[in-house]
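Reader: Could you walk me through this model? I'd like to begin with the basics and then jump around a bit.

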Amino acid sequence: MSADSRLRPNFEQPSPADHAPIPPCLPRDHPSRQPTLLKVQNLACGYHGRTLLGPLDFHLHQGTFMLIEGPNGVGKSTLLKTLIGLLPPVAGRIDWSLPADALRFVPQTRTLDPMLPATVFDVMATGLHRGRGLKALRIRPRHQEIDPALEMVGVGHLCHHLFRELSEGQKQLILLARALLGQPRLLLLDEPSASMDPEREAATIELLQKIQQQLDMTVMMIAHGSELARSASNRIMRVDRTGQIQIEECLKDCLDDPHHTH
Ligand SMILES: Nc1ncnc2c1ncn2[C@@H]1O[C@H](COP(=O)(O)OP(=O)(O)OP(=O)(O)O)[C@@H](O)[C@H]1O
């Protein structure tokens, strides 16, 4: 294996089974008992060969709702982008037991072109036909392919609005709806509720929990100090100002168990 291929995420590579014993205090349906979707070993993330965050070792099991929190600028977005292959890791291994098209990344809206001359329908259409390259531009999706996802997040009425004229919170909801197209198995969300009022944030997190449970989806979500997000999560990854990471199970009885710190 070349050094270069070690530095890219492996998608759908069978990863060795996780033999860590499961503590009896965990419920029968706890995600730790589900298949491992992602195995991260000795991962360091950063730019231009300089480590910003890590080293990090963890397994992500199907059905997990993982919250990632920490101060501004510690590298939370950098970590998500590294996990999905948008950035090369500084060091370490990333092994996914999922095909790349089963993942959806929901970026922060401020990273998008503010003048994007597209309607909500057009933006949604880009979420269909992934992997078809330029051919996708010639496919005009039908409303029945797009409307249910918009309805699911409560923004069906915005379908014909210009995306750039929406509020930041509305844009976040559209990006979430787009991510739900095609029933992905894993959602990675970069501060999905950053611009939402408390009521909309509560509704969105409740929706994510519902979708996650109904579709057996796995969620990794960045959110800043939100109690709501914490209460929805069954694992919390905390990044501190030095880039060190701690992972906590949200089951009080298991917090002292060494097998459940990562
Ligand atoms: N392309 C880049 N090249 C070099 N440094 C970058 C690049 N993109 C981001 N950074 C730097 O990496 C650091 C971490 O950024 P990142 O966006 O990952 O932090 P974050 O924890 O997600 O922050 P926030 O909570 O404010 O969104 C910042 O100091 C940022 O300036």
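Author: Let me fix one term before anything else: a residue is called buried under 20% relative accessible area, exposed over 50%, and partly exposed in between, with a 1.4 Å probe and protein chains only. By that definition, buried residues make up 48% of the 262 residues in the protein. This is a predicted model, in which local features need pLDDT of at least 70 and side-chain atom pairs count only at pLDDT 80 or more, while totals for chains, interfaces and linings use all residues. Residues are numbered from 1 along each chain as its sequence is written, and side-chain values use heavy atoms, with hydrogens and water left out.

Reader: How many helices and strands are there in the protein?

Author: The protein has 7 helices and 10 strands; these are DSSP runs numbered from the N terminus, with helices being H or I of at least four residues and strands being E of at least two.

Reader: And which domains does the assignment give?

Author: It gives domain 1 (34-98 + 185-252) and domain 2 (109-179), where the bounds come from an automatic or database domain assignment. Their centres, taken over C-alpha atoms, are separated by 24 Å, and 13 residues of domain 1 are in contact with 9 residues of domain 2, contact meaning heavy atoms within 4.5 Å.

Reader: OK, sheets. What is the strand order in the one with 6 strands?

Author: That open sheet runs β6-β7-β8-β4-β9-β10, with mixed pairing, and two strands count as paired if DSSP finds at least two bridges between them. The edges are taken by β6 and β10, each with a single partner strand, so one side of each has no neighbour in the sheet. Direction ignored, neighbouring strands here are turned by 15 degrees against each other on average.

Reader: Which helices pack on that sheet?

Author: Helix α2 packs on it, touching β4, β6, β7, β8 and β9, and its direction makes about 145 degrees with that of β8. Helix α6 also packs on the sheet, touching β4, β7 and β8, at about 140 degrees to the direction of β4. For these angles, axes are lines fitted to C-alpha atoms, for helices over the stretch in contact, and the values run from 0 to 180 degrees between N-to-C directions.

Reader: Where do the side chains along β10 point?

Author: They alternate along β10 (residues 245-249): I245, I247 and E249 point to one face and are buried, whereas Q246 and E248 point to the other and are not. Strand β9 (residues 235-239) pairs with β10 in the antiparallel sense over 5 bridges, and V239 has I245 as its bridge partner. The hairpin of β9 and β10 has 5 residues between the strands, and G243 in that hairpin takes a positive phi near 85 degrees.

Reader: What about the sheet of 4 strands, what order does it have?

Author: It is an open sheet too, in the order β1-β5-β2-β3 with mixed pairing, and its edge strands are β1 (10-11) and β3 (50-61), each pairing on one side only. β1 pairs with β5 (residues 91-96) in the parallel sense over 2 bridges, and F11 stands opposite W96 in β5.

Reader: Switching to α5: is it mostly covered or mostly open?

Author: It is mostly covered, since 10 of its 13 residues are buried by the definition already given. Among what covers these buried residues are β6 (103-106), α3 (120-125), α4 (143-152), β7 (186-190) and α6 (198-214). Just after α5, G182 takes a positive phi of about 80 degrees.

Reader: And how many residues are in the largest nonpolar core?

Author: That core has 41 residues, and those with the most contacts inside it are M124, L150, I174, L187, L189 and M221; such a core is a set of buried Ala, Val, Leu, Ile, Met, Phe, Trp, Tyr and Cys residues joined through side-chain atoms within 4.5 Å. Helix α5 gives the most to this core, with 7 residues, and the core draws at least three residues from each of domain 1 and domain 2.

Reader: What does I174 touch?

Author: Not counting residues up to four places away in sequence, I174 touches V120, V123, M124, L150, V155, L158, F163 and L166. There is also a second, separate core of 29 residues, which includes W96, L98, L186 and I245.
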